[in-house]
Amino acid sequence: QVQLVESGGGLVPPGGSLTLSCSGTKTTLAYHMGWYRQALGKQREMVARISSGGSTRYADSVKGRFTISRDNAANTVTLQMDNLRPEDTAVYYCNAQKIVGGDNVWGRGTQVSVSS
């Protein structure tokens, strides 16, 4: 089973940008990948997904602002976040869903805080 490690979170002012990275301990070729987030007092929600073939899907709230990509050779998935808003503040989690069987693997999360 692959293990996931996130990096790139931090504090940024509104309108700023951050890039989150998720690194797998082994090949992620057999997994669909994604980023989820959970704000204080809220349920975890899907932010962006990317299939093994590169197809992407985004939450309506981040369309046009966030971009997900993957590098299968490097076993990484990246979330480029632009024009950040205070409501983007949350813990962001990397997710890997196995194509065969559907098992889910989660990273430990990285904090993103958007404030002046």
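Strands here are DSSP runs of at least two residues, numbered from the N terminus. I am working on a predicted model.

**Entry 1: backbone at N75 and N83**

I looked for positive phi values outside glycine. Most residues other than glycine have a negative phi. N75 goes the other way, with phi near 60°. I placed N75 in the loop that joins β7 (66-71) to β8 (76-81). Is N75 buried or exposed? Its relative accessible area is 17%, and the cut-off for buried is under 20%, so N75 counts as buried.

N83 also has a positive phi, about 50°, and is not a glycine. I found N83 in the loop between β8 and β9 (90-98). I noted a relative accessible area of 41% for N83, which makes this residue partly exposed.

**Entry 2: aromatic rings**

How many aromatic pairs does a search of the whole structure find? I got one. The partners are Y36 and W106, with ring centres 5.0 Å apart. Their planes stand at 70°; since over 60 degrees counts as edge-to-face, I logged the pair as edge-to-face.

I then checked where the two rings come from. Y36 belongs to strand β4 (residues 31-38) and W106 to strand β10 (residues 104-106). The pair therefore ties together parts that lie 70 residues apart in sequence. For accessibility, I have Y36 as buried at 15%, whereas W106 is partly exposed at 35%.

**Entry 3: R44 over two rings**

Which ring has the charged end of R44 sitting over it at 3.9 Å from the centre? I found that of Y93. I also found R44 over the face of W106, 4.5 Å from the ring centre. W106 thus appears in my notes both under R44 and as the edge-to-face partner of Y36.

**Entry 4: surroundings of M46**

I located M46 in strand β5 (residues 45-50). With a relative accessibility of 22%, M46 is partly exposed; the buried class would need a value under 20%.

What does M46 touch, leaving aside neighbours within four places in sequence? I listed contacts with W35, Y36, R57, Y58 and A59. One of these, Y36, is the buried residue of the aromatic pair in Entry 2.

I also took a C-alpha distance from M46 to Y93, the residue whose ring lies under the charged end of R44. The two C-alpha atoms are separated by 9.5 Å, with their positions 47 residues apart along the chain.

Notes: Residues are numbered from 1 along each chain as its sequence is written. This is a predicted model: local features need pLDDT of at least 70, side-chain atom pairs count only at pLDDT 80 or more; totals for chains, interfaces and linings use all residues. Side-chain values use heavy atoms; hydrogens and water are left out. Helices (H or I, at least four residues) and strands (E, at least two) are DSSP runs, numbered from the N terminus. Buried means under 20% relative accessible area, exposed over 50%, partly exposed in between (1.4 Å probe, protein chains only). Rings of Phe, Tyr and Trp (its six-membered ring) pair if their centres lie within 6.5 Å; planes under 30 degrees apart count as stacked, over 60 as edge-to-face and the rest as tilted. A charge sits over a ring if NZ of Lys or CZ of Arg is within 6 Å of the ring centre and within 35 degrees of the ring normal. Contact means heavy atoms within 4.5 Å.
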